[in-house]
Structure formats: structure tokens, C-alpha cells
Amino acid sequence: MRHSEFSRLVDVIEKLRDPKDGCPWDLKQTHDSLLKYLIEESYEFLHAAEAKDDEKMCEELGDVLLQIVLHSVVARQRGTFTIDDVCKGIADKIVRR
């Protein structure tokens, strides 16, 4: 079940970034334009963790994950890397350590 929900999230973001039928806001986004959101969502997670608010932490981790997937889809569309590359890279790094 974990993989199906993750795949669903990636599919949703890819639809939002579809050049023909995507969302105008999502289509305008670049790595540069998204940076502030990644930072903002990371801080919001930190505040939730400091407050020991599990419900809010779950919500904010979702927002951080959204940013990671958005950046990965932007990169895939540019031909530089994919979300699979990101996942493989971190899994390999953890195994090495």
C-alpha cells in the first residue's frame, strides 16, 4: 500500500505539470521559484516537531514531500533526474553508511 500512495502522489503532480492539461500555476514553477516553499514547509515541520504535534507533523511532512516530488518532476521534464533517482540515491547512501 505504501508504494501505491506514493505512486499516486507522483501521478497527481505529473498531471498538474502536464504541458497540455496541467495547472497554470504548477506549469510556471521552476527549481528557483519553488525554493521558498521547500524552506517554508521545512520550518513548519520543525515547529510541529518542537510542539510534539504528531498530526501537524504528518501534515507538514506531506507538504515537504510535495516539494520533493515537485522538484523531481521539474527535473524529469528537464531531463536531469527523476524521483526514482532521488530514492535510489538516498537508499544507496543509507546502505553504504
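Tutor: Before we begin, the expected span of a helix is 1.5 Å times one less than its number of residues. Please keep in mind that the structure above is a predicted model.

Student: How far apart are the end C-alpha atoms of helix H3?

Tutor: Helix H3 runs over residues 31-50, which makes 20 residues, and at 1.5 Å a residue its expected span is 28 Å. The distance between its end C-alpha atoms agrees with that expectation, being 28 Å.

Student: Which residues of H3 are buried, and what arc do they cover around the axis?

Tutor: The buried residues of H3 are Leu34, Glu41 and Ala48. Because these residues cover so narrow a range of directions around the axis, they lie on the same side of H3, and the arc is only 35°.

Student: Which exposed residues does the face of H3 turned away from its buried side carry, and which helices are included in what covers the buried residues?

Tutor: On the face turned away from the buried side, H3 carries the exposed residues Asp32, Lys36, Tyr43, His47 and Glu50. The buried residues of H3, for their part, have a cover that includes helix H2 (24-28) and helix H4 (54-78).

Student: Which residues make up the largest nonpolar core, and which helix gives the largest share of this core?

Tutor: The largest nonpolar core consists of eight residues, namely Val10, Ile13, Leu34, Val69, Leu70, Val73, Val74 and Ile83. The elements that contribute two or more residues to this core are helix H1 (2-16) and H4. The largest share, four residues, comes from H4.

Student: Which residues is Leu34 in contact with, leaving aside its neighbours within four places in sequence?

Tutor: Leu34 is one of the buried residues of H3, and Leu34 also belongs to the largest nonpolar core. Leaving aside neighbours within four places in sequence, the contacts of Leu34 are Trp25, Gln29, Gln67, Leu70, His71 and Val74.

Student: Is His71 buried or exposed, and which residues does His71 touch beyond four places in sequence?

Tutor: His71 has its place in helix H4, and with a relative accessibility of 12% it counts as buried. Not counting residues up to four places away in sequence, the residues that His71 touches are His31, Leu34, Leu35 and Phe81.

Student: How many aromatic pairs does a search of the whole structure find, and how are the planes of the rings of Trp25 and Tyr37 arranged?

Tutor: The search of the whole structure finds one aromatic pair. The rings of Trp25 and Tyr37 have centres 5.9 Å apart and planes at 70°, so the pair is edge-to-face. Since Trp25 lies in helix H2 and Tyr37 in helix H3, the pair ties together parts that are 12 residues apart in sequence. Both residues are partly exposed, Trp25 with a relative accessible area of 38% and Tyr37 at 24%.

Student: Where is Lys52, and what is the value of its phi?

Tutor: Lys52 follows H3 and is placed in the loop between H3 and H4, where Lys52 is exposed with a relative accessible area of 68%. Most residues other than glycine have a negative phi. Lys52, by contrast, is a residue other than glycine with a positive phi, near 55°.

Student: Why is there no bond between the sulfurs of Cys58 and Cys87?

Tutor: A search of the whole structure finds zero disulfides, and a disulfide needs two cysteine sulfur atoms within 2.5 Å. Cys58 is exposed, with a relative accessible area of 57%, while Cys87 counts as partly exposed at 34%. The cysteine sulfur closest to that of Cys58 is in Cys87, and the distance is too far for a bond, at 18 Å.

Conventions: Residues are numbered from 1 along each chain as its sequence is written. This is a predicted model: local features need pLDDT of at least 70, side-chain atom pairs count only at pLDDT 80 or more; totals for chains, interfaces and linings use all residues. Side-chain values use heavy atoms; hydrogens and water are left out. Buried means under 20% relative accessible area, exposed over 50%, partly exposed in between (1.4 Å probe, protein chains only). The arc is that of the directions from the helix axis to the C-beta atoms. Contact means heavy atoms within 4.5 Å. Rings of Phe, Tyr and Trp (its six-membered ring) pair if their centres lie within 6.5 Å; planes under 30 degrees apart count as stacked, over 60 as edge-to-face and the rest as tilted. A nonpolar core is a set of buried Ala, Val, Leu, Ile, Met, Phe, Trp, Tyr and Cys residues joined through side-chain atoms within 4.5 Å.
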